[in-house]
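Open your viewer, get the selection tool ready, and follow along from stop to stop. Each stop tells you what to pick next and what is there.

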Amino acid sequence: MKWIIRTLIVLVALLVLGAVTLLALGMRADSNRLQTSRKINRPPDAVWPYLYEPDKLKQWVTWLKDVQRAPGEPVVGAKSVWTMEDANNGGQLMNIDSTVTEVEPHRRLKVALSVPGAFHGTAEYKLTDLGNGTTLLEIDSRYNFDIWFARLMSPLVMMEAGKKTQDDGERLRAAVEK
């Protein structure tokens, strides 16, 4: 009987230790931040449409199934809805509301993102002309989770999201350079 109690105590201690570790990791500065950059061998004018045109977005953003937005270049206040198939959640569809908060055509696009009751955040895309037809793309995103369990698991969620962001950045480079 004592070994059952000791085993249960050890299991509870391991669960508490894991939760405390996740909480500590989630409290680090910038623990909710994703960043990546890519040199793309095309000028900013060629990269810019891939940041907002639905057919071009679907070429590089994995899991993206649909984008509903008004036609034309992005303007401050413009809204769109991205429908994503969340591969980490059994293929469940998720609609992400997006609102343009800042825009400098062919240079910078910043959007506020949210899935009500799940998360909210921002994503900023900067294009820097490096000359000779080369662009530096920098992506800087921050996400805050509304669900307590997602906040607890945020270090793991952000690690996986970081890998996806890196992979998507590479897909973008390949798509633009075709």
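**Stop 1: a histidine and its partners**

Select His106 and Asp45 and show their side chains: a polar contact of 3.2 Å joins the two. Keep in mind on this tour that the model is predicted.

Now follow the backbone around His106. This residue is found in the loop between strand 4 (92–104) and strand 5 (108–115). Is His106 buried, exposed or partly exposed? With a relative accessible area of 27%, His106 is partly exposed.

Next, bring up the surroundings of His106. Leaving aside residues up to four places away in sequence, His106 touches Pro44, Asp45, Trp48, Glu73 and Leu127. You can also draw a distance line from the C-alpha atom of His106 to that of Thr135: the line spans 10 Å, while the two residues are 29 residues apart along the chain.

**Stop 2: a threonine in strand 7**

Select Thr134, which is found in strand 7. Thr134 counts as buried, at 14% relative accessibility, since the cut-off for buried is under 20%. Which residues does Thr134 touch, not counting residues up to four places away in sequence? They are Lys39, Ile40, Asn41, Arg42, Thr128 and Asp129.

**Stop 3: salt bridges**

How many salt bridges does the structure hold? There are 15 of them, and we will visit three.

Begin with Asp30 and Arg142. Their closest N and O atoms are 2.9 Å apart, and the pair forms a salt bridge. Asp30 lies in the loop between helix 1 (2–26) and strand 1 (33–40), and Arg142 lies in strand 7 (residues 134–145), so this salt bridge ties together parts that are 112 residues apart in sequence. Colour both by accessibility if your viewer can: Asp30 is partly exposed at 41% relative accessible area, and Arg142 is also counted as partly exposed, at 30%.

Now move to helix 5 (residues 154–177), where you will find both Glu160 and Lys163. These two residues sit three residues apart, about one turn of the helix. They form a salt bridge whose closest N and O atoms are 3.4 Å apart. Glu160 is partly exposed, with a relative accessible area of 38%, and Lys163 counts as partly exposed at 44%.

Stay in helix 5 and select Asp168 with Lys164. Their side chains meet in a salt bridge of 2.5 Å, N to O. The two residues are four residues apart, about one turn of the helix. Are Asp168 and Lys164 buried or exposed? Asp168 counts as buried at 5% relative accessibility, and Lys164 is buried too, with a relative accessible area of 17%.

Before you leave the salt bridges, select Glu102, Glu104, Arg107, Arg108 and Glu124 together. Salt bridges that share partners join these residues into one network.

**Stop 4: the second largest pocket**

Switch on a surface view. Rolling a probe the size of a water molecule over the atoms shows where empty space is left. The second largest pocket holds about 180 Å³ of space. To find it, select Gly26, Met27, Ser31, Arg151 and Ser154, which are the closest to its centre of the 13 residues that line the pocket. Which elements give two or more residues to this lining? They are helix 1, strand 7, helix 4 (148–152) and helix 5.

Finally, colour the lining by class. You should find seven nonpolar, five polar and one charged residues in the lining of the second largest pocket.

Notes:
Residues are numbered from 1 along each chain as its sequence is written. This is a predicted model: local features need pLDDT of at least 70, side-chain atom pairs count only at pLDDT 80 or more; totals for chains, interfaces and linings use all residues. Side-chain values use heavy atoms; hydrogens and water are left out. A salt bridge is a side-chain nitrogen of Lys or Arg within 4 Å of a carboxyl oxygen of Asp or Glu. Buried means under 20% relative accessible area, exposed over 50%, partly exposed in between (1.4 Å probe, protein chains only). On a 1 Å grid over the protein atoms alone, a cavity is a set of points where a 1.4 Å probe fits but cannot get out, and a pocket is an open set with protein on both sides within 12 Å along at least five of seven lines; lining residues have an atom within 4 Å of a point. Grid points are joined across faces, edges and corners, and a volume is the space filled by probe spheres set on the points. Ala, Val, Leu, Ile, Met, Phe, Trp, Tyr, Cys and Pro count as nonpolar, Asp, Glu, Lys and Arg as charged, and the others, Gly among them, as polar. Contact means heavy atoms within 4.5 Å. A polar contact is a pair of N or O atoms within 3.5 Å; within protein, one must be able to donate a hydrogen and the other to accept it, and residues adjacent in sequence count only if both atoms are side-chain atoms.
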